[in-house]
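I opened my notebook to walk through this structure one topic at a time. Here is what I looked up, in the order I went.

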Amino acid sequence: MAKSIEGGCYCGEVRYRITGDPVIQLMCFCSDCLSMTGTDGYAGYMINSDDLQLLKGKPLTFKKISEEGRPVIKHFCGTCGSNLWGVTSFGLTSIAAGTLDDPSLFRPTKKVFVKDAPDWARVPHNLEEM
């Protein structure tokens, strides 16, 4: 098992701990992720949902049905608005990799929904497409 790692929002109001290894690390270019991040993609550090521990604060939530018809519950800081994580219907939680205290721990190997990426997106060509 991995050593625990921590992260949190921009203002420090919400803090979390991850106690297990990532299941997958990926870059997503779906339209939902583009809207949520306001940029060209989402860096998802995906873990088993049981491996996430809330240390401080109470994030706000927003539930949305994805383009694929699956519910996703987004968690974000109500003070600074930082996107923190999304809980999927299949037991995985996708941590926004930029919220890790040490973002260098994010090492993506896959990319998804590349067809939805805008022309100006920085799509990493070295990642395997799922």
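**Entry 1: burial, then cysteines.** I start with a cut-off, since I need it for what follows: a residue counts as buried when its relative accessible area is under 20%, as exposed when over 50%, and as partly exposed in between. I also note that the model I am reading is predicted. With that in hand I looked at C30, which has a relative accessible area of 7% and is therefore buried.

How many disulfides does a search of the whole structure find? I noted 0. A disulfide is a covalent bond between the sulfur atoms of two cysteines. To count as one here, the two sulfur atoms must lie within 2.5 Å. The closest cysteine sulfur to that of C30 belongs to C28 and sits 3.6 Å away, which is too far for a bond. I then checked C80, also in no disulfide: its nearest cysteine sulfur, in C77, is 3.7 Å away. C80 has a relative accessibility of 28%, so I wrote it down as partly exposed.

**Entry 2: the largest pocket.** I met C28 and C30 again here. Together with C33, V72 and T88, they lie nearest the centre of the largest pocket, out of 31 residues in its lining. The space in this pocket is about 710 Å³.

Which kinds of residue make up the lining? I recorded 18 nonpolar, 8 polar and 5 charged residues. I also asked which elements supply at least two lining residues each. Among them are the helix α1 (31-37) and the strands β3, β4 (42-48) and β6. The strands β7 (71-76), β8 (83-87) and β9 (92-96) do so as well.

**Entry 3: the sheet of 8 strands.** Next I traced an open sheet of 8 strands with mixed pairing. Its order reads β6-β7-β8-β9-β4-β3-β10-β11. Why do β6 (60-65) and β11 (128-129) each have one side left without a neighbour in the sheet? They stand at the edges, and each has a single partner strand, so the other side stays unpaired.

Inside this sheet I followed β3 (residues 24-28) and β10 (residues 110-112), which run parallel and are joined by 3 bridges. M27 stands opposite K111 in β10.

**Entry 4: the loop after β10.** I moved on to the loop between β10 and β11, where F113 lies. The phi of F113 is near 55 degrees, a positive value in a residue other than glycine. Most residues other than glycine have a negative phi, which is why I marked this one. F113 is partly exposed, with a relative accessible area of 26%.

A121 has its place in this loop between β10 and β11 too. Is A121 buried or exposed? Its relative accessible area is 16%, so A121 is buried. I also looked up how A121 stands to F29: the two are 92 residues apart along the chain, and their C-alpha atoms are separated by 8.6 Å.

**Entry 5: the sheet of 3 strands.** I finished with an open sheet of 3 strands, in the order β1-β2-β5 and with antiparallel pairing. β1 (5-8) and β5 (52-56) are the edge strands, each pairing on one side only. On average, neighbouring strands of this sheet are turned by 30 degrees against each other, direction ignored.

I counted 4 bridges between β1 and β2 (residues 15-18). Which residues face each other there? I5 stands opposite I18, E6 has R17 as its bridge partner, and G7 has Y16. The hairpin of these two strands has 6 residues between them, and G12 takes a positive phi near 90 degrees there.

On the other side, 4 bridges join β2 to β5, and the two run antiparallel. In β5, K56 is the bridge partner of R15.

My last look was at the faces of β2. In a regular strand the side chains alternate between the two faces of the sheet. In β2, Y16 and I18 make up the covered face, while R15 and R17 make up the uncovered one.

Methods:
Residues are numbered from 1 along each chain as its sequence is written. This is a predicted model: local features need pLDDT of at least 70, side-chain atom pairs count only at pLDDT 80 or more; totals for chains, interfaces and linings use all residues. Side-chain values use heavy atoms; hydrogens and water are left out. Two strands pair if DSSP finds at least two bridges between them. Buried means under 20% relative accessible area, exposed over 50%, partly exposed in between (1.4 Å probe, protein chains only). On a 1 Å grid over the protein atoms alone, a cavity is a set of points where a 1.4 Å probe fits but cannot get out, and a pocket is an open set with protein on both sides within 12 Å along at least five of seven lines; lining residues have an atom within 4 Å of a point. Grid points are joined across faces, edges and corners, and a volume is the space filled by probe spheres set on the points. Ala, Val, Leu, Ile, Met, Phe, Trp, Tyr, Cys and Pro count as nonpolar, Asp, Glu, Lys and Arg as charged, and the others, Gly among them, as polar. Axes are lines fitted to C-alpha atoms, for helices over the stretch in contact, and angles run from 0 to 180 degrees between N-to-C directions.
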